[in-house]
Amino acid sequence: MGADYFTYIFVLGLIQSFWDSFGIGANDVANSFSTAVASKTLKLWQACAIASVTEFLGAFLLGAHVTDTIKNKVVQPSDYADNPSTLMLGMLCSLYGSSICVIGASKLGLPVSTTHATVGAIIGFGIAAHGGDSINWAYSNKGVWFIVAGWVYAPLIAGVCAATVFLLLKYILFKREDPYKWTIVSIPFIFALTAAIETLFIVWKGSPRLNLDDQEPWKIAVECISIGLAAGAFGIIFFVPWANRKVKGKEPLRSYEMFYHWCIPERAPIVEEDAEGADVADEEMKANMEDGPTKRTFFGSVKNQLGKGVNAEVADYKADDAQIKEMHDLAEKFDNDAEELFRFLQVMTSSLASFAHGANDVANAIGPLSTIYYIWQNAEIPPKKVEVELWILAYGGIGIDVGLILYGYKIMRALGNQITYHSPSRGFSMEIGATLSVMIASKTGIPVSTTQCITGATLFVGLCNGNLKTLGWKRLAITAFGWVLTLPVAGLISGLVFAFAAYSPSMLEGTYNPSS
């Protein structure tokens, strides 16, 4: 029987792949902007708007033109050579397992690894199809136990990197007699270093379509240094003069006015009463959004859900909670003007991390779909690498964006101020720490998850306060519990669905006779 007979598997794969992309957007993408929203550098709707563009462009422009037939090679495609349609069914079941697991975790506010959910789902159908011996479990062969080890490696590496960055900022800049002066002088250098690091991150991790990591090392070094120098020049020419007027002089300047600040005459500084009035207006708008439409119409319900997704309270979530309030009050605070200078940097690091994430991790959703599509087209097992159509990349990018807009706020809450107090400099340190850890892992072969990296970075930066009470240990324990459950839960769902579909009585084989 030809694979074209199983067109329904391809159609169901399309549907479920979208939901898997939705889950990635709701859970994984929120990691990139959780620190920026928690520190109030960006409002939720601003983060969603930026991430929607960066994730889609990353997936569509730089996403992998080939992807592994089997994620992390935990099962072998050759086991299905005699019956390719079985692999089609298995990949469909893996999409069910991973999407249900990730969307369910998002509903509960549990940040989990979508990569581990995909791997767990593939393990599940692999066991159901050919037994446990068909799975690559060995640590030495980069199997399942090697992936599990990442639960420790990822947060530890990211935490050390983030804490190092934050402590350098703390003692070199913020502990000085005039923190703003030292910070504004250092900003061009920080711009240059950050841009160079993020460029290297995109080259190593987030550009599979362009194969940028295949370049000569000296070319990569030249590219990173050149972009870093350009960013430093940008800081000197545009950012520093604008920041002196905006932050220190309290002039009401817009971000886009940075590019022609010298043409703008001096403006009267903002008075505190105006700022408080703006906060009251924001609160009223937020209350109106939460109240939703007065009439329960279909379009009103849709509008209310969309509004909730981009306007939900995240930064001050449960601000009246005594435990969270105490946790924030005990955290060390620094000069407000010096902190303000890191807002722009935090947006830059979050945006570039999101761009690279879209290019790299969209494969979690479209990899199984690409395998299903290949078998449906060719009626044979695909090679180790399978071609990815551009329309599939775009399809995955759209699903990621929809998931972020409708459901991303739940994970931003969980990774935000419920774990520890966030400020722009802390958020910047967390993002750089997570980026550095992924770079290190990508070159050493250590399996890491961006979710676990940002969680580890948040934990270690929180520890830099020198007080254990400045961390939400209950939230951290719940998060770790979610990591442990991800792989087996996704595998169990996938395996059960596969067993039900593959081993149920079939009308094509005649009437089922239990005595035969």
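Visitor: Over which ring does the charged end of Lys333 sit?

Guide: In this predicted model, the charged end of Lys333 is placed over the ring of Tyr421, at 4.7 Å from its centre. Arg176 offers another case, since it lies over the face of Trp182, 3.9 Å from the ring centre.

Visitor: How many aromatic pairs are there, and how should I read the geometry of one of them?

Guide: The count comes to 26 aromatic pairs. For Phe22 and Tyr407, the ring centres are 6.3 Å apart and the planes stand at 45 degrees, so the pair is tilted, because planes between 30 and 60 degrees apart fall into that class. Phe22 belongs to helix α1 and Tyr407 to helix α14 (residues 390–415), so the pair ties together parts that are 385 residues apart in sequence. Phe22 is buried, with 8% relative accessible area, and Tyr407 is buried as well, with 17%.

The rings of Phe191 and Phe239 are also tilted, with centres 5.1 Å apart and planes at 40 degrees. Here the linked parts are helix α6 (residues 179–205), which holds Phe191, and helix α7 (residues 217–248), which holds Phe239, 48 residues apart. Ring pairs join both residues into a cluster that also includes Phe234, Phe238, Trp242, Phe259, Trp262 and Phe344.

Visitor: Is Trp19 buried, partly exposed or exposed?

Guide: Trp19, which is found in helix α1 (residues 7–38), counts as partly exposed because its relative accessibility is 38%, a value between the 20% and 50% limits. Together with Tyr5, Tyr8, Val11, Leu12 and Ile15, Trp19 forms a nonpolar surface patch with about 560 Å² of accessible area.

How values were computed. Residues numbered from 1 in each chain as written. Predicted model: local features only at pLDDT ≥ 70, side-chain atom pairs only at ≥ 80, totals over all residues. Heavy atoms only, no water. Patch = residues over 30% accessible without salt bridge, like charges linked within 9 Å, V, L, I, M, F, W, Y side chains within 5 Å. Areas by Shrake-Rupley, 256 points an atom, 1.4 Å probe, with all protein chains shown as cover. Salt bridge = Lys/Arg side-chain N within 4 Å of Asp/Glu carboxyl O. Helix = DSSP H or I, 4+ residues; strand = E, 2+ residues; numbered from the N terminus. Buried < 20%, exposed > 50% of the residue type's maximum accessible area, 1.4 Å probe, protein only. Phe/Tyr/Trp six-rings, centres within 6.5 Å; stacked < 30°, edge-to-face > 60°. Lys NZ or Arg CZ within 6 Å of the ring centre and 35° of its normal.
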